[in-house]
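User: Could you take a close look at one strand for me and show how it sits among its neighbours? I have the sequence and the model open here.

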Amino acid sequence: MRRNMILFLLLAGLLALTVWTTSLGRVGFFTMAPPAKLLAALREHLEIVLLAELCAVAAGIPIGLILSRRSFRRGAPILSAVTSIAQTVPTLALVGIFSILMGLGLRSAIVALGVYTLLPIVRNTYAGLVSADPAVKEAARGMGMSTPQILWRVEMPLAMPLIMAGIRTSTVLNVGSAAVAGMIGAGGLGEIIMTGVSLRLVEMVLQGAAPTAALAISLDRLLEIVAGRAVPRGLRRPLRREDFGRT
Amino acid sequence: MIELRDVTKVFPGGTQAVDGITLVVHEGEFCVLLGPSGCGKTTTLKMINRLVPLTSGTITVGGRDIQKLRATELRRRIGYAIQEIGLFPHMTVAQNIATVPRLLGWRKAKRRARVRELLGLLGLTPVDEFLRRYPAELSGGQRQRVGVARALGADPAILLMDEPFGAIDPITRERLQDEFLRIQREIRKTVVFVTHDIHEAIKLGDKIALMKEGRLIQHATPSQLLAQPADDFVRGFVGTDRTLKALRLTSVREIMDSGPLSVRDDDSLAAARRAMDRLERSFLPVVGEDGLFLGWVGRNSVLGPPSVCVGDRITPYAVLGSPDMPLNEALALMLESATGNLPVTDEDRRLVGLVSFDRLFESLRQIYVEREAGEGSP
Ligand SMILES: Nc1ncnc2c1ncn2[C@@H]1O[C@H](COP(=O)(O)OP(=O)(O)OP(=O)(O)O)[C@@H](O)[C@H]1O
Ligand SMILES: [Mg+2]
């Protein structure tokens, strides 16, 4: 309850900041983004985030799943190496690389973000699947479940809390990183921030940054609610810090 | 029927966990695999449902070579319960128990009826309440029961159990063992049960297969094992108090003096005195008109005017035995209360028998005689 209150106040503050900066209209020589443009940017931003997240989930869960299989376990150390290296690559660089490979625009932004935010999902899917209680798996096998049945009826449901936590982490990461997409002409709130930065206009930077933060917070809360429903009832418990990995 | 012939298991690392075991478990028999930690009990058990592949030898279940069956099919026909239980935490108790029926494609109504039946059988009542619970909402003992119920789910003829009562407190364990014995008398499964607890083995097993370092050392009934240990290892394993353990195998009913000599509470003291003289006893149990056991009268307390009734001079009883009580418990009660006689009553406290120290001593001697005979011959 108290947490909801804090979140609400935070959101209200960010929204107020957005409205205020927009209402400034002109600052010195420059014009702030008009409301219609701001809304369009927000919509674009949301689109980029959702599409990139969709890519990340669609690729991340199967990758995590494959890595968790016994015959691929040897790949797990490679995974953690790739994870830590990839996290040290700045988003900006990654987006830059993809824009060189695939050209400027929305498509390369989505792919770049998808790749960047894939890792929490892969890692959590993997962790969720390998951490399943061996006694539970043995019982499942001993009762005559086939390997796919064990995966779908036992392992996946048991990994669900961690997978959902991974998706949340990656979504929040996505919202922030998507701002960078503005740089390669993919639109979104990043464009407003970038313009603000190049004009050295703090108000305009805030005009883009405040709704970005608000979006991140709302999506996180929304996913928390969705996750609560996706997790089987017998497993529901408050998530611990380590469920979200080290990001 | 389960038949193991020259079964061996060598793990990839080179550990020889099982070394040439030949063992037959007959239909409806409760066979306990007993032995110290690491002797290969679990490995032997898991080879029966193919959780561990055989290195060599053959195992047949119901006359069919398990290698010729599909592993999943074989396992669905064999109940399996383990110490760690391994309940599915994301499923309700009902879903857990219905796991194998569901794999076998039973209809929903049939599954539901079976789940209710099993919950009732294992004393998880009220049934409607437990059906809906999740494993996290159960106590350790209740989880263990659900684990056993789940193993019984599709009513398999064979049950494999690996220390299913290992991880619970002694009192609950004792109760679960008693209940499982009662259930087993009803359902008559062919059971292979792993434990390293000799008491549990003696209490539950029709036969005990004692293992050591992957080999079968002795396969015998509990009383044979206690009376005629095959070698020093067995003798050491069953313990120096094996005679006392053997007492556990006999029930009070078998040695009690039934229809014991007693006096009524409305008899006169004179009559009681005469009875004692005639029977050459210094104590007699007193029963009421309805046969209920009331207490004792001793020779010292029946001195007095003949008009007084026995009822006024009763020494109240301290302990009671029941016909199904094993002798070790009867002995403990007698030692505890320092009386030479233990009254045995039915559920309604009606006197049905008497165990005297002499009788108990007699049966102890019987065990010794058996043992001597056993050890004398090779
Ligand atoms: N998967 C495995 N790989 C290699 N060695 C194993 C494996 N499982 C068991 N062993 C070895 O086989 C031997 C027998 O093990 P097993 O689990 O059958 O013993 P146990 O009689 O059940 O012991 P406990 O009473 O402690 O459960 C042990 O030496 C053990 O280390
Ligand atoms: Mg074991």
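Which residue of β7(B) is the bridge partner of B:Ile82? Please start there and then walk me through the surroundings of this strand.

Analyst: Happy to! One thing to keep in mind is that this is a predicted model. The bridge partner of B:Ile82 is B:Asp162. That bridge joins β7(B) to strand β6 of chain B, which covers residues 78-82, and the two strands pair in the parallel sense over five bridges.

Now turn to the other neighbour. Strand β8 of chain B, residues 190-195, also pairs with β7(B) in the parallel sense, again over five bridges. Here you can pick out B:Ile158, which stands opposite B:Thr190 in β8(B). To follow the chain from β7(B) to β8(B), look for helix α8, residues 170-187 of chain B; the two strands and this helix make a right-handed β-α-β unit.

With a partner strand in β6(B) and another in β8(B), how much of β7(B) is left uncovered? Strand β7 of chain B spans residues 158-162, and five of its five residues are buried, so the strand is largely enclosed by the rest of the structure. Being buried means a relative accessible area under 20%.

The side chains are worth viewing along the strand. In a regular strand the side chains alternate between the two faces of the sheet. In β7(B), B:Ile158, B:Leu160 and B:Asp162 point one way, while B:Leu159 and B:Met161 point the other way, and all of them are buried. B:Asp162, the bridge partner of B:Ile82, is thus listed with B:Ile158 and B:Leu160 on its side of the strand.

For a contrast elsewhere in the chain, try B:Val352, which is found in strand β17, residues 351-356 of chain B. B:Val352 has 25% relative accessibility and therefore counts as partly exposed. Its C-alpha atom is separated by 8.6 Å from that of B:Asp257, a residue 95 positions away along the chain.

Stepping back, chain B has 16 helices and 17 strands. Its C-alpha atoms fill a box of roughly 85 × 55 × 30 Å along the principal axes. Buried residues make up 51% of the 378 residues in the chain, and the five residues of β7(B) are among them. Of the contacts in chain B with a separation of 6 or more, 61% are between residues 24 or more positions apart.

Terms used. Residues are numbered from 1 along each chain as its sequence is written. Chains are lettered from A and ligands numbered from 1 in the order in which they are written. This is a predicted model: local features need pLDDT of at least 70, side-chain atom pairs count only at pLDDT 80 or more; totals for chains, interfaces and linings use all residues. Side-chain values use heavy atoms; hydrogens and water are left out. Helices (H or I, at least four residues) and strands (E, at least two) are DSSP runs, numbered from the N terminus. Buried means under 20% relative accessible area, exposed over 50%, partly exposed in between (1.4 Å probe, protein chains only). Contact means heavy atoms within 4.5 Å. Two strands pair if DSSP finds at least two bridges between them. A crossover is right-handed if, with the strands pointing away from the viewer, the path from the first strand over the helix to the second runs clockwise.
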